[in-house]
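This report looks at charged side-chain pairs, with attention to how far they are shielded from solvent. Please have the model open while reading.

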Amino acid sequence: MIDRTSAVATPARRRMTTAVAVVVASVVVTTGLPATSAAAAADTLSWKPCATTAKDWPDKNDTRSECAMLAVPVDYADPGGRTMKVAVSRIKAADAGKRRGVLVLSPGGPGVVNIDAPLGFAGKGLAALAADHDLIGFDPRGVGYSDKVECPDQPYPELPPTASRKEWGRAAFDHQAEFNARCAALDPVFTRQLTTANIARDVDSLRAALGESKISFYGTSFGTAVGANYRSLFDGRVHRMWLDSVMPPVLDHAAVSAASDAIHEKRFEEFLPWVAGRDHEYHFGTTPDAVRRTIFELRDRLDREPKVVDGTTVLDRAWVTALLGGEPNSWAAVAADLATVREGGVPRSARPVGGAVGGAVGGAVGAFGFEHGHGGANYLQYSAIMCNDGTGGRDFDQVWADHEARMRAYPGTGGGAQLGVWCANWPWQAQQWKPVRGSSPLQLSGHTYEYETPYEWAVATRDAIGGTLLTVKDAVHGSLPALPCAAKAVDFFRTGRTTGGSCPGVR
């Protein structure tokens with residue numbers, strides 16, 4: 001899942017928040033989508049080589065990938081109404097005589113291009129499946145080569161570097177609220193239908209267009225939400241499904257933020273004895289409690305008196321908190337930076353001040369499809385999926401109260417430098433995911449220490465929809481294809497055998 005958290009008191013985090021928007025800002029605003037005949041949804045897909053058909057295809061020497069457009073309803077509750085196009089791709093099974101069926105790939109998102117997934121998948125640890133499965137990719141509605149609404153961000157408001165955390169939070173919320181109102185209004189009918197359940201329905205339309213009675217499915221990160229929704233809606237049409245780095249069974253933004261903070265807090269507690277054992281180098285104290293006190297005293301001092309260095313860097317409470325809770329490979333750099341600031345110096349991770357982002361706001365009718373390129377990440381599709389599906393995040397007072405509660409619950413990393421504002425004043429209520437237990441073969445894999453999709457989410461989704469959970473002992477999001485235990489996934493898709501227990505992860 002893309003992390004699109006917003007700044008509380010840090011210009012640097014602000015720029016991280018708008019990383020997707022920076023890409024989208026380079027393209028024009030679209031005022032609507034083409035309307036086509038619903039009857040086209042039943043047409044046979046017309047496959048053409050992706051390398052010569054799709055502008056910006058990542059490998060122009062690719063001779064295996066084929067691309068096509070699939071027509072689907074914008075609103076499945078109105079199947080005879082307006083339709084839209086979803087871009088799909090495939091790589092046919094290398095050994096046609098041993099072909100077992102199709103394997104649909106959904107590697108992540110929201111807001112990112114997915115159609116080239118078969119090309120990347122065929123080169124990883126699961127590549128053996130390309131011998132006996134057609135690998136199927138697709139750009140979810142609202143992004144990539146599929147029909148979409150493109151809307152650039154506006155420049156971020158400039159605040160003094162010493163503005164309070166709440167002032168930064170309010171500015172971030174208001175900035176996102178402006179984007180949400182302006183961009184959702186460009187095509188509200190289409191934007192309202194950007195949901196994970198509708199993406200799952202699009203997958204089933206693709207299944208039907210391919211002439212398959214059942215599909216296999218491999219999802220990672222947000223792709224696991226697409227898979228879980230698909231299986232909940234169409235359990236009888238699933239041959240086999242594997243979900244790696246699993247999203248929660250329901251999307252509650254306050255709970256999502258709290259889960260991330262809990263993982264970071266655990267890392268912070270592990271960091272303390274590591275620093276205590278190196279007091280000769282960092283001088284924070286010889287016990288974990290002493291290190292904690294010293295770090296908190298430094299953070300409190302910077303909260304009272306943020307340091308602005310040469311007008312270009314700011315060191316404050318949020319800067320300290322953002323450093324805490326990282327993986328062990330970051331600890332030496334973190335400890336060195338904290339020690340440098342304690343002694344009055346400027347650390348390597350000092351954040352630049354300022355730097356507005358975004359582009360001009362205008363409007364024009366855009367054209368979509370393979371001939372026009374995929375356009376990169378789509379900020380509006382991200383916001384729409386997260387907000388049409390997820391509860392919370394719409395009211396600033398509640399968002400801020402949740403943020404403050406996390407700071408109390410997790411004193412080291414709680415609230416961090418992050419404030420989830422992407423649903424600021426979102427115009428519609430959430431249509432929450434409705435997980436249903438099924439009977440089709442389902443394997444999940446969760447990664448013990450990762451924070452993008454915490455392991456606890458895999459457990460909760462397994463409990464909600466069934467399946468068998470494999471525990472991967474690492475902190476790396478979606479690492480299964482790069483591991484020796486990828487062989488378990490190959491075996492699962494060929495035999496249906498699920499596996500519990502654990503396997504070693506990335507070292």
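With which residue does arginine 497 form a salt bridge? The model is predicted, and in it the partner of arginine 497 is aspartate 491, the closest N and O atoms being 2.5 Å apart. Aspartate 491 is partly exposed, its relative accessible area being 26%.

A search of the whole structure finds 24 salt bridges, and the table lists some of them with their N to O distances.

| Salt bridge | Closest N and O atoms |
|---|---|
| Arginine 406 with aspartate 261 | 2.6 Å |
| Arginine 342 with glutamate 343 | 2.9 Å |
| Arginine 497 with aspartate 491 | 2.5 Å |

The salt bridge of arginine 406 with aspartate 261 joins helix H15 (residues 396-409), which holds the arginine, to helix H9 (residues 253-276), which holds the aspartate, and so the pair ties together parts that are 145 residues apart in sequence. Arginine 406 has a relative accessible area of 9% and therefore counts as buried, the cut-off being under 20%. Aspartate 261 is likewise buried, with a relative accessible area of 7%.

The salt bridge between arginine 342 and glutamate 343 has another setting, since glutamate 343 counts as exposed at 60% relative accessibility, while arginine 342 is partly exposed with a relative accessible area of 23%.

Salt bridges also link Arg99, Asp134 and Glu212 in a network. As general background to such contacts, side chains of opposite charge can pair when their charged atoms come close.

Methods. Residues numbered from 1 in each chain as written. Predicted model: local features only at pLDDT ≥ 70, side-chain atom pairs only at ≥ 80, totals over all residues. Heavy atoms only, no water. Salt bridge = Lys/Arg side-chain N within 4 Å of Asp/Glu carboxyl O. Helix = DSSP H or I, 4+ residues; strand = E, 2+ residues; numbered from the N terminus. Buried < 20%, exposed > 50% of the residue type's maximum accessible area, 1.4 Å probe, protein only.
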